[in-house]
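Visitor: I'm new to this one. Could you walk me through it, one question at a time?

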Amino acid sequence: MKLLVALDIDGTVLDHDEVITERVRTAVADAVAAGAHVVIATGRSLEGTVPVLDRLGIVEGWAVCSNGAMTLRLDPLLDKGYEISDVVTFDPGPVLTILREHLPTALYLVEDETARRKVTAAFPDGELSGEPLVVPFEELKAGPATRVVVRSPQSTPEDFLAVVERVGLHGVSYAVGWTAWLDLAPDGVSKASALEVVRERLGVAPQDTVAVGDGRNDVEMLAWAARGVAMGQAVPEVQAAADEVTAPVEQDGVAVVLEDLLAHRR
């Protein structure tokens, strides 16, 4: 099966309690066994992605992390089972400076080209995997970054959208999350841009691409795929970017899509 299937993690493969149901796990395994290139494409960092790959049993191929700024090549013969194959960085200083002026009480995170993360203070429990290093704000500006995260627990997503519109963010790509969470990546970088590189390496035709996701950071990916599928709980703007809408994560919507693919490809 010469097919590339890109899957988001949170709200797609994992439910909101970070559970992967047996139906979803089986559907992913069946797709891999049938020869599909299943590529996880997530906003999570490397550290948050690898355990999910392990839970899904995906040990070969590719994975896209940090909203496209980092791509992993998976190979069980490698020491860690993967290597960082592609990294795109930017200078976080200017955007951090302007955002701090408008969001002085927010939490800030910067991830570098080796997937190391620094934060200004601890994030709410359960939002980050591992233990990022806590540093002074000015230290976040030092060196290139693959990703900047701004978290403002007292704000709403609408507040963030208003700030972004007011200040204008130049030289970066951005996505606003379900909560007051702003994700910044190098300009022009998205899950879609990284997946296009993977598609070319795999020799998969553009018409043989499928993507499933639920977040605003999935919009470009859903538009990129020949068959873009939004999860049933996705907000209207995400559903509008897709070709179709599947069941919500609570009803194993991603498994519905994979089962349908296999049924039509046999």
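Guide: Sure. One definition before we begin: two strands pair if DSSP finds at least two bridges between them. Keep in mind too that this is a predicted model.

Visitor: Then let's start with a pair. Which residue in E13 does valine 210 stand opposite?

Guide: Look for strand E12, residues 209–213, and strand E13, residues 227–230. The two run parallel and are joined by four bridges. Across from valine 210, in E13, you'll find arginine 227.

Visitor: And which residue is the bridge partner of glycine 213 in E13?

Guide: Stay with E12 and E13, the parallel strands joined by four bridges. Glycine 213 is one of the E12 residues, and it is buried. Its bridge partner in E13 is alanine 230.

Visitor: How many residues of E12 are buried?

Guide: Side chains in a regular strand alternate between the two faces of the sheet. Here, Thr209, Ala211 and Gly213 point one way, while Val210 and Val212 point the other way. Both sets are buried, so E12 is mostly covered, and the buried count, at under 20% relative accessible area, is five of its five residues.

Visitor: What does E12 have on its other side? Which residue in E12 is the bridge partner of alanine 6?

Guide: That takes us to strand E1, residues 4–7. E1 and E12 run parallel, with four bridges joining them. The E12 partner of alanine 6 is alanine 211.

Visitor: E1 pairs with E2 as well, I gather. Which residue in E2 is the bridge partner of leucine 4?

Guide: E1 and E2 pair in the parallel sense over four bridges. Strand E2 covers residues 37–41, and four of its five residues are buried, so it is largely enclosed by the rest of the structure. The E2 partner of leucine 4 is histidine 37.

Visitor: Can we put those strands together? Which strands are the edge strands?

Guide: They belong to an open sheet of eight strands with mixed pairing. Its order is E5-E4-E3-E2-E1-E12-E13-E14. An edge strand here pairs on one side only, and that describes E5 (82–87) and E14 (244–245).

Visitor: Stepping back to the whole chain, what is its radius of gyration?

Guide: The chain's secondary structure comes to eight helices and 14 strands. For 266 residues the globule rule gives 18 Å, and the chain comes close to that, so it is as compact as a globular protein of that length. Along its principal axes, the C-alpha trace spans about 55 × 40 × 30 Å. The radius of gyration itself is 18 Å.

Visitor: What share of the contacts with a separation of 6 or more comes from residues 24 or more positions apart?

Guide: A contact here means heavy atoms within 4.5 Å. One example is valine 249, which is in contact with Leu14, and these two are 235 residues apart in sequence. Across the chain, the share for residues 24 or more positions apart is 57%.

Visitor: Is valine 249 buried or exposed?

Guide: Valine 249 sits in the loop between E14 and helix H8 (253–265). Beyond its neighbours within four places in sequence, its contacts include Gly11, His16 and Met231. Its relative accessibility is 6%, and buried means under 20%, so valine 249 counts as buried.

Visitor: And glutamate 101, buried or exposed?

Guide: Glutamate 101 is found in helix H3, residues 93–102. Its C-alpha is 9.8 Å from that of valine 167, with their positions 66 residues apart in sequence. At 58% relative accessibility, where the cut-off is over 50%, glutamate 101 counts as exposed.

Visitor: One last thing. Near what value is phi of serine 66?

Guide: Most residues other than glycine have a negative phi. Serine 66, in the loop between strand E3 (61–65) and strand E4 (70–74), has a positive one, and so does glutamate 18, near 65 degrees. At 1% relative accessibility serine 66 counts as buried, while glutamate 18, at 37%, counts as partly exposed. Phi of serine 66 is near 50 degrees.

Methods:
Residues numbered from 1 in each chain as written. Predicted model: local features only at pLDDT ≥ 70, side-chain atom pairs only at ≥ 80, totals over all residues. Heavy atoms only, no water. Rg over C-alpha atoms; globule rule 2.2 N^0.38 Å. Buried < 20%, exposed > 50% of the residue type's maximum accessible area, 1.4 Å probe, protein only.
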